[in-house]
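Biologist: I would like to learn how to read a fold from its elements down to single side chains. Could you take me through one example step by step?

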Amino acid sequence: GDTYGHEKGKFSNHVWEDVTLHNSSLPPLAIKNPECLGLLHRLDGSTDVWMQHYCILKDGCLYFYASIRSTQASGGLYLQGYRVNEQTLSVNQSVIELKPPSEEFKTFYFCAENKTENQRWITALKMSIKKWLPLHQAIQDFMNRPLEETRM
């Protein structure tokens with residue numbers, strides 16, 4: 001079979017999913033070296049209500065917890081391909097917009113306790129997404145570099 005060869009190509013994704021599944025089954029404080037953490041309010045698109053979550057950002061995934069005492073995540077958002085923007089509502093109020101790579105996915109809106117906190121989350125989200133650009137992209141970039149750069 002051809003199927004085996006196809007499966008092998010998805011290997012890196014499976015590893016990522018295993019890590020994600022493992023992380024989401026842990027209490028929030030057990031996640032090692034989170035890139036950002038704290039309270040975020042998420043807009044529930046169906047009810048237009050802002051729900052508070054304790055959130056942890058790690059390796060391009062945002063984990064949601066009902067509270068800091070939760071034993072496991074209530075959900076997670078894989079941020080691959082999402083764009084992070086700040087939408088200013090007024091002088092001292094803004095929201096974080098997470099725009100999906102394509103129309104079939106929802107746009108997410110979050111807000112932290114204040115504008116400074118929003119900024120901190122935006123910076124962390126952007127960095128986390130950038131760090132987890134698909135591997136093949138990194139390889140492409142490497143292959144396309146001028147030779148001088150790759151020589152030791």
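Modeller: We will go from the overall layout to the sheet, then to the cores, and finally to a few individual residues. Please keep in mind that this is a predicted model.

Biologist: Let me begin with the layout: how many helices and strands are there in the chain, and which pattern does the chain follow along the sequence?

Modeller: The chain contains 5 helices and 7 strands, and when read along the sequence it gives α-α-β-β-β-β-β-β-β-α-α-α. Of its 152 residues, 30% are buried, and among contacts with a separation of 6 or more, 46% link residues 24 or more positions apart.

Biologist: In what order do the strands form the sheet, and which are the edge strands?

Modeller: The order across the open sheet is β4-β3-β2-β1-β7-β6-β5, with antiparallel pairing. An edge strand is recognised by pairing on one side only, and here that applies to β4 (75–78) and β5 (83–90). On average, neighbouring strands of the sheet are turned by 35° against each other, direction ignored.

Biologist: How many bridges join these neighbours, for example β5 and β6, or β1 and β7?

Modeller: The antiparallel pair of β5 and β6 (residues 93–99) has 7 bridges, one of the relevant residue pairs being E86 with its bridge partner I96 in β6. Between β6 and β7 there are 3 bridges, again antiparallel, and L98 lies opposite F108 of β7. The antiparallel strands β1 and β7 are joined by 2 bridges, and R42 has F110 in β7 as its bridge partner.

Biologist: Which nonpolar core is the largest, and which residues have the most contacts inside it?

Modeller: A core is read as a set of buried nonpolar residues joined through their side chains. In this model the largest one has 20 residues, and L62, L98 and W121 are those with the most contacts inside it. At least two of its residues come from each of β1, β2, β3, β6, β7 and α3, and α3 gives the largest share, with 5 residues. Around W121, leaving out residues up to four places away in sequence, the residues touched are C36, L37, G38, L40, C55, L57, L62, I96 and A112. There is also a second, separate core of 8 residues, with Y54, I56, C61 and Y65 among them.

Biologist: Some of those are cysteines, so how many disulfides does the structure hold?

Modeller: The structure holds 0 disulfides. For C36 the nearest cysteine sulfur is that of C55, at 9.5 Å, whereas a disulfide would require the two sulfur atoms to be within 2.5 Å. C36 counts as buried because its relative accessible area is 4%, and C61 is buried as well, at 2%; the cut-off for this label is under 20%.

Biologist: Let me close with a polar residue: is N23 buried or exposed, and with which residues is N23 in contact?

Modeller: N23 sits in helix α2 (residues 11–24), and it counts as buried because its relative accessibility is 9%. Apart from neighbours within four places in sequence, N23 is in contact with I31, K58, Y63 and Y65. With one of these, Y63, the N23 side chain makes a side-chain to side-chain polar contact at 3.3 Å, a distance that falls within the 3.5 Å cut-off for such a pair.

Definitions and conventions: Residues numbered from 1 in each chain as written. Predicted model: local features only at pLDDT ≥ 70, side-chain atom pairs only at ≥ 80, totals over all residues. Heavy atoms only, no water. Helix = DSSP H or I, 4+ residues; strand = E, 2+ residues; numbered from the N terminus. Buried < 20%, exposed > 50% of the residue type's maximum accessible area, 1.4 Å probe, protein only. Polar contact = N/O pair within 3.5 Å; in protein donor to acceptor, adjacent residues only side chain to side chain. Contact = heavy atoms within 4.5 Å. Pairing = 2+ DSSP bridges. Axes fitted to C-alpha atoms, helices over the stretch in contact; angles between N-to-C directions. Core = buried A, V, L, I, M, F, W, Y, C linked by side-chain atoms within 4.5 Å.
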